[in-house]
Structures are given as C-alpha cells and as structure tokens.
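Here's a quick tour of how a few helices and one side chain are packed. Have the structure open while you read.

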Amino acid sequence: MKLAKLIAAVAAITLLGLSVVAQAQPMMRMEPKIASFDIFMDYSGSMMMKHNTLKEKKIVLARDLMMKVNKKVPALPYDAAMHTFAPYSERLALGAFDSVAMEKALQGLSTNEDIRGRFTPMGDGIIKVQPAVHPMKREGAVILVSDGKSNMGSDPVTEAKVLYNAEPGICLHVVSFADTPDGEETLKQISALNGCSVYANGPELLANEAALDQFMQDVFYRMVEEQQVTETAPVQETAPEAEAIVLRNVNFAFDSAEITNDSAAILTEAAMLIKDRPGTIVLTGHTDSTGPDAYNQKLSERRAQSVRAFLAKQGISADRITAVGKGEADPEYDNKTSEGRRLNRRVVITFE
C-alpha cells in the first residue's frame, strides 16, 4: 500500500474512534486537552418543559446528549464529576473518570419534576459549584448544559466572571438548549467571557454525529502525530509491516462476548477499511482480571470469535481471519479500577 493511501486509512480509522498502532509508519494519537471535567446540568423548572421546536422536554434532550458524550469520552486519564443547579446537587463526586458511574448519575436525573413554583437561579448555581471546581485538576472543563433562563438570584454572567477570576485554569463550555432569545443571549455572553470556551447547540449535537465528534475534540482532546514524515522520505512498494488496530471503543459487557449496538456500528465501518487491506487478519481477545484464569481464557476466545463472525457477515472472507484469546494475561489498563477493567475487555486486530 502506498504511503499516501495508508495515511488516509489511518485518518479514517481515527475518526471512527479506533486507535491505530503501526510500526515504522506515521500514526496519530489522542492527547488530552484537559485533566478534568464537570457536567453542570440545569435542573430547573424550565428544563422540565418541552422545547419550543423539538417538542420534547429539555431535560430529556440534555440527559440523552450527555449520555452520548459520556460514551464518546476517550480512554485518557481524566477526572470527572457531575452537578446540577436549580436546585444545586452533587450527582457524582470528583474522581477518576468512570463512564459506568457517569451513566448511572445521568440516568438518575428525574425528568418529571414539578414546574410550578420552581425558579432558575443560574447565577446562584455557579456560585455554589465553585467549591466543587476548586479541587479539579487543571486544565479543567465545566460543561454547562442549560436553556439559559435565569429569573432569580444573582446574574449568571457576573458570577461566571467571578468563577474565572477565582479559579484560573477552569473553562466554561456551553451546551445550549435555549428556545428563547433571552436564554440564548445569556449563554452566549457566558461563552464569550473566555476564548477557551466552546459554544454548542444541543439539538444540533443530538442530530449531527459529525458535530458531536467535533465538540468532543474541541473540548476533550487533540490529535498529534507521533512520527513526522517528510516529503523526501522514500516510499517503499514492499508489503507493509504488521499493523495493529486496537478497538478501544468496542467494549464488551462483564462476562459477555455479545456485540453491542455501539460495537456493531464501529465494526461495520472498520470492515469497510479491512476489505481494502491485503493479508491475514488475527483477532486477539482480552478480558479483565475478574474470575479464574481458565474461564477468562475461554471468554477472551469467545469475544474474538464474535468479532470474527461479525466481520465475516460484512463480507470479509473467514479464511483470512484467525481468532485467538489471551485471557487476562495482557492488560493495557489498571484492573484495580472499574474503568480500567472495562477498557481491558477488548479485541485487537492485527494485519500480517
């Protein structure tokens, strides 16, 4: 494969959320932009009302979007927390990012709270979140999810300025579900306070996967090239050296080898890339450290076989695919944490 074609394939795989590991070839990797983040969710009465255009409760839209964000957070060393305001509440204490814990916190948001008599003290909420923000590692991101309505207490724009002055290295990113001009203006003013801030339209992120992926990159990570390539570098026409694609975003449930809907979408895209690449494909399944060694060995083999069967259904010849398992013998992440164990339940594709 020519170098230009290989670089194009690597870029396409990266956009799918797959990490590419290649020998003696340029490759891209994710580098964190932030060390910590806090999802700061508007929980006021107006969020319990239906969006003027989408005709769905704004809290439902906001929760569903943040659950999609949670699934797309890359496997990098972030700390994370979650809070609500109006009323203020800590939903997830600051600690090492755990997508399972974050999803549970998001699912715990009620979407049927009373509307009458509930006000929106957004400014007061920003005041109250300051003690929670203080211990966050820098650079830190506070993702403010709101419709921008504020009808009680201090001015939210003023309090956002106070937060910036008190907590350098913290950036407020705004996800807007505003359906009134006043609400939109308030959120845009908060976003305009600091050049670090990302302003995003919540309904657009829900409807447009490309826009959501761009938001993730704008807030969470940057792509860097690990190996520079110059124009004078010779292009070899010989067969490429072995490459490995680690399906970091294709995770298996505990004690399961079943391909989930999210995994199926990624594998379908990966199959299109594999079809254009010659050679034998080796699938290596892995598990976390929970359970007996012998059982985990069999489980890792079943996971590799599941991916093999899926790829075969996508038109890749089964004769090209070898499936093996390594059990818990080759962890890439810390099995002492739930997130590390989740990430160790993985499959690696190697081209030979």
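## A side-by-side helix pair

Let's start with helix H5 (residues 156–166) and helix H6 (residues 181–191), which pack at an angle of about 15° with their axes 9 Å apart. Angles under 35 degrees count as roughly parallel, so that is the label for H5 against H6. The crossing of H5 past H6 is right-handed. On the H5 side, Pro156, Val157 and Ala160 make the contact, and on the H6 side it's Thr186, Gln189 and Ile190. Bear in mind that this is a predicted model.

## A pair set at a slant

Now for H2 (58–72) and helix H8 (residues 209–220), whose axes come within 11 Å and cross at roughly 60°. That makes H2 oblique to H8. This crossing is right-handed too.

Who touches whom? H2 brings Leu65, Lys68, Val69 and Lys72 to the meeting, while H8 supplies Glu209, Leu212, Asp213, Phe215, Met216 and Phe220.

## H3 and its two sides

Which residues of helix H3 (residues 99–107) are buried? They are Ser99, Met102, Ala105 and Leu106. Looking down the axis of H3, you'd find these buried residues within an arc of 120°, so they line one face of the helix. The general helix geometry is handy here: an α-helix has 3.6 residues a turn, so residues three or four places apart point the same way. Over on the other side of H3, Val100, Lys104 and Gln107 are exposed.

The cover over the buried residues of H3 comes from both strands and helices: it includes strands S3 (36–42), S4 (79–85) and S5 (89–96), along with helices H2 (58–72) and H11 (338–344). So H2 turns up twice in this report, once against H8 and once as part of the cover for H3. At the start of H3, there's also a polar touch: a side-chain oxygen of aspartate 98 gets to within 2.9 Å of the backbone nitrogen of valine 100.

## Arginine 222 and a distant stretch of chain

Arginine 222 sits in strand S9 (residues 221–225). Is arginine 222 buried, exposed or partly exposed? Its relative accessibility is 32%, so arginine 222 counts as partly exposed.

Arginine 222 and glutamate 31 are 191 residues apart in sequence, yet 5.3 Å apart in space, C-alpha to C-alpha. Setting aside neighbours within four places in sequence, arginine 222 is in contact with Arg29, Met30, Glu31, Pro32 and Lys33. With proline 32 there's a polar pairing as well: the backbone oxygen of proline 32 lies 3.4 Å from a polar atom of the arginine 222 side chain.

Methods. Residues numbered from 1 in each chain as written. Predicted model: local features only at pLDDT ≥ 70, side-chain atom pairs only at ≥ 80, totals over all residues. Heavy atoms only, no water. Buried < 20%, exposed > 50% of the residue type's maximum accessible area, 1.4 Å probe, protein only. Helix = DSSP H or I, 4+ residues; strand = E, 2+ residues; numbered from the N terminus. Arc of directions from axis to C-beta. Contact = heavy atoms within 4.5 Å. Polar contact = N/O pair within 3.5 Å; in protein donor to acceptor, adjacent residues only side chain to side chain. Axes fitted to C-alpha atoms, helices over the stretch in contact; angles between N-to-C directions. Parallel < 35°, antiparallel > 145°, perpendicular 65-115°, else oblique. Left-handed = near helix turned anticlockwise from the far one by under 90°.
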